[in-house]
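Subject: Structure handover

Hello,

The structure is below, followed by notes on what was found in it. Please read the two side by side.

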Amino acid sequence: MKILITGHAGFLGSNLTLNFLKKNNTVVGLDTKKINSFSNYKNFFQYKINLLNRRKVFTLLKKMKNIDIVIHVAAKQPMKKDFELDKYLETNFYGTKNLLESCEKQKINKIIFCSSFSVYGNKKSPIKEIASLSPRNTYGLSKCLAENLLEYFSKKFNFKVIILRFDGIYGNRQNLPGFIKMSFNSAISNKKILLFNMGKLKRDNIYVKDAVKAIDLTSKKINKFKFEVFNIGGNNPTSSLNIFKKIKKICNSNSKIFFSKKKLNFSQDTFLSINKAKKLLRFKPDTLDNNLKKMFLDAQ
């Protein structure tokens, strides 16, 4: 299979690229930067192109013959509290538009889009795919608009589209701040940790290897769907207190835990129902305990 991966140099994109290369697929990587990680693979080709440059995107897809599927990972991520919508619309919406228009011209009609739980907003958990969308931030809004664009292309140009709405993805070398990565840093250094919401609120973040697994399964089953949306999470909602206790044990840490009533980022349990993905994609993530152990060992 010949696969185009946008954002191949990023955290999820690089793990995804390695997965497909190891399975002898040809991978064409498109990103705003080049990396040397896959230089030993003769079936890998990378191009430094910004999705906002419509002409270059079109020229590349015209040059790359017989692309079977596009996995659209590239996105501007919410690195901090950033409410400037234009910054997110540029990459996440207009970049997606340029990609889709170029795909349509070259008759590439299979797209997997990496979206986010942020499109849902504050809903009662577990959140199902049928829930109405009410984005929680400008990043979520840009992803929501991109999803609408993908649905339009699916209907108008007969694209096969699968949207994967990921809960927070964690793992070593992640480029976004996250509770699990921060907890490992604190535990390994035996530093104290402050848990907001008294450590009670539950999340269900997904380990990067399981996120890759979900995309891999989707690539095999995309012909069965016209336009479909799947939630992808860890299948084990857990409080921040219990997560840190697990990490502390794995690291044999002496870190002390302090609690705060302050509510930071989330004011209620927030996690996704992944029953649809389990049933139709046969997706089954590994256990939280196993993934935390793998993350610790991988970092050694």
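In what order do the seven strands of the open sheet run? The order is S3-S2-S1-S4-S5-S6-S11, and the pairing is parallel. Please keep in mind that this is a predicted model. Strand S3 (44-48) and strand S11 (227-232) are the edge strands, each paired on one side only. From one strand to the next, the twist averages 15°.

One pair within the sheet can be followed in more detail. Strand S4 (residues 69-72) pairs with strand S5 (residues 110-116) in the parallel sense, over three bridges. In this pair, Val 70 of S4 stands opposite Ile 111 in S5.

Two helices that pack on the sheet are worth noting. Helix H3 (residues 85-105) touches strand S1 (2-6), S4 and S5, and its direction makes about 180° with that of S4. Helix H6 (residues 208-221) touches S4 and S5 as well as strand S6 (160-166) and S11. The direction of H6 makes about 165° with that of S6.

The remaining notes concern a pocket. The second largest pocket has a volume of about 240 Å³. It is lined by 13 residues, of which Gly 10, Phe 11, Ser 14, Asn 15 and Arg 173 are the closest to its centre. Which helix gives the most to this lining? Helix H1 (residues 11-22) does, with four residues. By residue class, the lining of this pocket divides into five nonpolar, five polar and three charged residues.

Regards

Definitions and conventions:
Residues are numbered from 1 along each chain as its sequence is written. This is a predicted model: local features need pLDDT of at least 70, side-chain atom pairs count only at pLDDT 80 or more; totals for chains, interfaces and linings use all residues. Side-chain values use heavy atoms; hydrogens and water are left out. Two strands pair if DSSP finds at least two bridges between them. Axes are lines fitted to C-alpha atoms, for helices over the stretch in contact, and angles run from 0 to 180 degrees between N-to-C directions. Contact means heavy atoms within 4.5 Å. On a 1 Å grid over the protein atoms alone, a cavity is a set of points where a 1.4 Å probe fits but cannot get out, and a pocket is an open set with protein on both sides within 12 Å along at least five of seven lines; lining residues have an atom within 4 Å of a point. Grid points are joined across faces, edges and corners, and a volume is the space filled by probe spheres set on the points. Ala, Val, Leu, Ile, Met, Phe, Trp, Tyr, Cys and Pro count as nonpolar, Asp, Glu, Lys and Arg as charged, and the others, Gly among them, as polar.
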